Amino acid sequence: MDPQSNTPEPKSGREVPLKLNLGFSLGEIPDLIAYQGFSFLIFTFYSVVIGLPIDTVTIVFIIWSIFNAFNDPILGALSDRTRTKKFGGGRRRPWIISMLIPLPLVMVFLFTPIDGSDTVIAIYMAISMILFDTFYTTYSLNHTSLYPEMFRSDRAREEVGRSRRILMVVGLLIAFALPGVVITDLVGTDALTRRQYVICGAIFGVCILVTMLGHIKTGIRERPLEELQEQKSLSLLDSFKYTFKNKDFILIVMASTMNWYVFGILPMVLPIYASIQFDLSKNAFETTLLLVTVFLCSIPGVLFWSWLDKKIGSRQAFIVCMIFWAVSLIPLYFITEYVGAMIAMAFIGIGFGGGPYFIDRNISNVIDEDELRTHQRREASFFGVHAVFIRLATILIIICINIVFTEYNGWEEVDLLVVTPTQQMGLRLLMSIFPASALLIGVVFASLFSLNTKKVKEIQTRRNKALDDLELKE
């Protein structure tokens with residue numbers, strides 16, 4: 001029996017029972033609908049549809065990101081220290097269940113336009129974004145923390161990792177395809193477009209609610225509360241100290257931040273890029289079809305990267321993935337035809353399939369090593385700090401966008417139907433050279449990461465021996 005999942009080992013060739021595997025992986029769908037739906041629409045909604053000045057939007061994004069620098073690690077450390085009978089009992093499940101209503105509701109508030117001055121709208125934008133991130137992070141870091149906690153062997157993590165990334169595509173398709181169906185013109189400025197954004201947010205909320213219910217019912221297994229209560233917990237201060245002193249963790253988080261820069265900037269800029277580059281200002285569906293191509297092609301991408309993971313290990317395969325992904329982005333600078341963009345997006349999708357997979361795999365290895373050092377399972381503390389860095393990637397994104405939009409000939413007054421070549425070049429930079437450069441920086445950080453295949457096997461052997469010794473004592 002797996003001591004972490006409290007689930008009998010299956011008699012089939014699977015390490016993890018199929019129902020548990022799929023139930024846990026189902027939790028990726030609300031995660032991706034929420035964050036990627038937010039990322040895809042929030043910048044375009046407030047900067048174009050509502051018409052807030054670019055500098056104002058930039059300030060709001062920076063305020064939001066600074067808030068996250070305090071919010072995310074605190075929520076992670078609190079989760080690690082939680083032992084309660086409320087909301088189903090445990091330490092992760094109660095936090096997830098508590099977000100069952102707030103997270104779907106905030107998706108509506110994000111895209112509900114209000115009347116008022118630019119200052120009033122900016123304050124509303126900031127408050128709704130902060131509430132969104134608090135609710136989202138509470139759900140996401142607890143769901144993500146269960147991955148290394150419930151599935152402790154390499155084989156189990158590979159099985160569940162593949163399922164997670166495949167179901168992740170379902171969430172991404174909803175997040176990016178739904179707006180193209182519901183919203184006639186993503187960059188429209190009329191009352192109809194505003195109403196359609198609200199409807200889209202409401203549908204997002206319903207999808208999040210339904211899939212969270214399925215995840216909670218079939219995909220969460222925690223150790224008995226009595227067993228959790230017997231475990232000692234580090235203080236908040238000690239938890240932060242051990243986390244930030246872990247060199248390998250900081251290195252992999254920096255590599256992850258570069259990946260999240262790409263995850264964020266592509267959907268954020270794509271609506272405007274596609275509208276101008278391929279004259280799709282009145283065809284939201286064809287715009288979202290570009291992203292749909294990325295996500296569909298990420299499915300074979302996940303399978304390929306999972307295979308490469310087995311062959312050369314999570315660290316080295318992550319490096320290869322980032323190099324491949326960086327190269328695949330370069331053509332977006334030169335392509336001027338929609339068909340060419342579709343082909344480029346297919347290759348980008350293969351690279352996209354590996355990023356999230358390898359980030360969680362490598363952080364899980366860090367957590368295993370930390371357990372040997374501290375004798376604590378501190379998944380949420382690590383993923384909470386990780387969340388800080390990937391949210392700070394948003395500051396890099398919005399600064400890059402601000403520089404391009406303010407330096408390249410008056411974007412705040414631009415007519416999307418009459419765009420200069422210089423403005424087009426700025427958009428091409430944002431969609432290709434900037435993210436490709438970020439990934440190459442990520443390669444440098446990952447190259448310094450010390451947990452290679454040999455070290456990971458040593459950690460697994462020592463951890464398994466420690467578990468065996470514990471069982472003998474019991």
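These legends describe an overview and several close-up views of a predicted model.

The model is predicted: local features need pLDDT of at least 70, side-chain atom pairs count only at pLDDT 80 or more, and totals for chains, interfaces and linings use all residues. Residues are numbered from 1 along each chain as its sequence is written, and side-chain values use heavy atoms, with hydrogens and water left out.

**Overview. The chain has 18 helices and zero strands.** Helices (H or I, at least four residues) and strands (E, at least two) are DSSP runs, numbered from the N terminus. Of the 474 residues, 60% are buried; buried means under 20% relative accessible area, exposed over 50%, and partly exposed in between (1.4 Å probe, protein chains only). About 18400 Å² of the chain is exposed, 66% of it supplied by carbon and sulfur atoms; accessible areas come from the Shrake-Rupley method with a 1.4 Å probe, and for residues only the protein chains shown count as cover.

**View 1. Phenylalanine 61 and the largest nonpolar core.** A nonpolar core is a set of buried Ala, Val, Leu, Ile, Met, Phe, Trp, Tyr and Cys residues joined through side-chain atoms within 4.5 Å. The largest core has 133 residues, and Phe61 is among the members that touch the most others, along with Phe43, Leu103, Met129, Phe132, Phe151 and Phe405. H11 gives the most to this core, with 18 residues. Leaving out residues up to four places away in sequence, the contacts (heavy atoms within 4.5 Å) of Phe61 include Ile42, Phe43, Met268 and Ile398.

**View 2. Serine 145 in helix H6.** Helix H6 spans residues 118–150. Serine 145 has 0% relative accessibility and is therefore buried. Beyond its neighbours within four places in sequence, serine 145 contacts Arg92, Glu379, Ala380 and Phe383.

**View 3. Aspartate 279 in the loop between helices H11 and H12.** The flanking helices are H11 (247–277) and H12 (284–312). Aspartate 279 counts as exposed because its relative accessible area is 60%. Its C-alpha atom is separated by 9.8 Å from that of glutamate 337, 58 residues apart along the chain.

**View 4. Phenylalanine 70 in helix H3.** Helix H3 covers residues 54–81. Phenylalanine 70, at 56% relative accessibility, is exposed.

**View 5. Cysteines 297 and 400.** Cysteine 297 is partly exposed, at 21% relative accessibility, whereas cysteine 400 is buried, at 17%. The count of disulfides (pairs of cysteine sulfur atoms within 2.5 Å) is zero.
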